[in-house]
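Hi everyone, thanks for coming. I'd like to walk you through a structure this morning, one region after another, so please have it open in front of you.

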Amino acid sequence: MLGLMQQRELLISSFLDYAEAYHPTVEVVSRLRDGALHRIGWGGIAARARKLAKALQRFGLRRGDRVATLAWNTHRHLELFFGVTGSGIVLHTVNPRLFADQLRYILNHADSSVLCFDVEFAPLVADLAPHLPSVHTYVALGHRDELPDHPLPNLVAYEDLLDAEDADFAWPRFDENSASSLCYTSGTTGNPKGVLYSHRSTVLHTLSLMAVDTMAISARETILPCAPLFHVNCWGIPYAAAGTGAKLVLPGSRLDGASLWELLRDEGVTFAAAVPTVWLTLFAWMEQQPGLDPAALKLRRVLSGGTAVPRLVIETLRDRFGATLQQAWGMTELSPLGTVGNLTPRHEALDAEAQMALRLKQGRTIYGIELRVVDEAGTPLPRDGSSVGLVQARGPWVLSGYFKGVGGQAVDADGWFGTGDVGTLDADGFLTITDRAKDVVKSGGEWISSIELENLAVGHPAVREAAVIAARHPRWQERPLLLVTCKDGRSVTRTELLAFLEPKVAKWWLPDDVICVDALPHTATGKVQKAQLRRDYADWLERG
Ligand code: AMP
């Protein structure tokens, strides 16, 4: 027998409708390119998103078409989050830090029709444009007087588009399983893979963010998302902020200590989300500023994910700011949330050191996500906090397959997705990541493909074999370390190899060090044993 409840579609536009109706004056504050702060209420964001929807209709875009963005965290990018998806069009957020080849690949694979970009990316966009046959319109996110000089086909200013429309538009209703947004994740081999979220998956993930034992986003929070809007939809925070009427503080491109401090202090931020590098940068700046009193800030909670959180960050936030750090774990394929570091009353009764041990873990499994660890044969291991295995996830906001099938089979017959992380789960659901099966380096929250660097390194005439591993780094958490063996009778220096790589990769991809070794360890099947290298060299950069 079926229940007799309404089958109302779960659509992203519902969050904005709610914000407009009940929190229209709660502010969204954005740092603009010139450093000035821009203020608008959720009601204003909603009206502008509706104007944007009308402008997109005028472009002839249809449901399922893709609109790409290359933009920082600002109110305009936020409006695209709602105006594009609410229309049934797919928002394709692109990471502007990627290398030109990757950007070309991703934009072409997504077949985006419109590319919206922050004006400062105009030179990059002008270089890309001749290689993007599907893009018919370029939208500069600013006013007409900010339009770049670069020749771009059908270039329009975002503010002109909005000025030409009124806000008389009602969000359409459609199948909740329709695609809403598209993000690419770095593959360990081959090309980036597209993860295509749906309205339903996004709404369910967002509701989870509002739960007290997950991220507890509520109308009581003023949120500073330092995580970029182009990283997995900024962890879903924009949607949850709209759906609760939280105040949002968007830092633009400025994540330096002084700019962050100003926002934390002047906007009364209570909750911030950022990778550890952002906090380390802020702490370093604070050292140079005598007389600052972080305890006077309203900051009470910090969410950090994407990479393991150093103890120093947790302690400094606790002892100097009076703020609790909650570590979260997830990934693009999980929308991204799988765990959040919340303690239960039983854990809060533990002493400080025992609590610290829990905070250093990757977080506690949240409702809505099933997690398990399995051995190499796929047999589930006990949740005893010590059995190490491959982490698998399943749930309504976990992907079922990669966009256009590129990236291989994503899940097994039972729907389990292999995360590529290795770790343990305990009886309370706390996850500890001990290793990463996928050989990528995560520098300040951004991926560097070890395989790509290795392929380039072996292009050097003296190099026989190359292996890149993630070495721990005090500021960036991980940096690439290149190990090479040389062909018989040949040799190469660190300087020569780095000079060889320099023109071939983005500057921040260059390995921090190169070590020439006599031999690399291999598995029985002839693969380089990265796990062994990580054990031997993970602290190489810290050894000084
Ligand atoms: P992304 O798809 O870029 O969000 O990256 C996801 C990957 O980042 C995961 O598979 C993990 O390897 C890593 N990761 C995410 N959160 C954490 C965390 N709290 N601690 C350690 N690694 C993490």
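Let me start with a question: how many residues lie between strand 19 and strand 20 in the hairpin they form, and which residue in the turn has a positive phi? There are 4 residues between the two strands, and the turn residue is Gly 429, with a phi of about 95°. Before I go on, please keep in mind that this is a predicted model.

Let's stay with that hairpin for a moment. Strand 19 covers residues 417–425, and its pairing with strand 20 is antiparallel, over 5 bridges. If you want to find the register, look for Val 422, whose bridge partner in strand 20 is Asp 435. Strand 20, residues 430–436, also pairs with strand 16, residues 363–365, again in the antiparallel sense, here over 2 bridges. On that side, Arg 364 has Phe 430 of strand 20 as its bridge partner.

Now to the ligand. Which residues are the closest to it? Of the 16 residues that surround the ligand, the closest are Ala 328, Thr 332, Asp 421, Arg 436 and Lys 438. Let me point out a few polar contacts. The side chain of Thr 332 brings an N or O atom to 2.6 Å from an oxygen atom of the ligand. Asp 421 does something similar: a polar atom of its side chain sits 2.6 Å from a ligand oxygen. With Ala 308 the backbone is involved, as one of its N or O atoms lies 3.2 Å from a nitrogen atom of the ligand.

A little further along the chain, please find Ser 449, in strand 22, which spans residues 446–449. Buried or exposed, what would you say for Ser 449? Ser 449 counts as buried because its relative accessibility is 7%, and the cut-off for buried is under 20%. Its side chain reaches the backbone nitrogen of Glu 452, at 3.0 Å.

Next comes helix 15, residues 494–501. Here Leu 497, Leu 498, Phe 500 and Leu 501 are buried. Why do they end up on the same side of helix 15? They cover an arc of only 155° around the axis, and therefore they share one side of the helix. As a reminder from the textbook, an α-helix has 3.6 residues a turn, so residues three or four places apart point the same way. What do the buried residues of helix 15 pack against? Their partners are helix 14 (450–457), strand 23 (463–473), strand 24 (477–486) and strand 25 (513–516).

Ala 499 is in helix 15 too, but this residue is partly exposed, at 48% relative accessible area. From the C-alpha atom of Ala 499 to that of Leu 510 the separation is 9.6 Å, with the two residues 11 apart along the chain. In the loop between helix 15 and strand 25 you'll come across Pro 503. Pro 503 is exposed, with a relative accessible area of 64%. C-alpha to C-alpha, Pro 503 is 29 Å from Arg 33, and the two are 470 residues apart in sequence.

Arg 33 takes us towards the beginning of the chain, so to speak, and to strand 1. Because 4 of the 5 residues of strand 1 (residues 27–31) are buried, this strand is largely enclosed by the rest of the structure. Strand 1 pairs with strand 2, residues 37–41, antiparallel over 5 bridges. These two form a hairpin as well, with 5 residues between them, and Gly 35 in the turn has a positive phi of about 95°. Strand 1 also pairs with strand 11, residues 247–250, in the parallel sense over 3 bridges. Val 29 is a handy landmark: it stands opposite Arg 39 in strand 2 and opposite Val 249 in strand 11.

Last topic, the cysteines. How many disulfides does the model have? The count comes to 0. Take Cys 226, which is in no disulfide: the nearest cysteine sulfur belongs to Cys 234 and is 8.9 Å away. That distance is too far for a bond, because a disulfide needs the two sulfur atoms within 2.5 Å. Cys 226 counts as buried at 6% relative accessibility, and Cys 234 is buried at 0%.

That's my tour. Thanks for listening, and I'm happy to take your questions.

Methods: Residues are numbered from 1 along each chain as its sequence is written. This is a predicted model: local features need pLDDT of at least 70, side-chain atom pairs count only at pLDDT 80 or more; totals for chains, interfaces and linings use all residues. Side-chain values use heavy atoms; hydrogens and water are left out. Buried means under 20% relative accessible area, exposed over 50%, partly exposed in between (1.4 Å probe, protein chains only). The arc is that of the directions from the helix axis to the C-beta atoms. Contact means heavy atoms within 4.5 Å. Two strands pair if DSSP finds at least two bridges between them. A residue is near a molecule or strand if one of its heavy atoms lies within 4 Å of it. A polar contact is a pair of N or O atoms within 3.5 Å; within protein, one must be able to donate a hydrogen and the other to accept it, and residues adjacent in sequence count only if both atoms are side-chain atoms.
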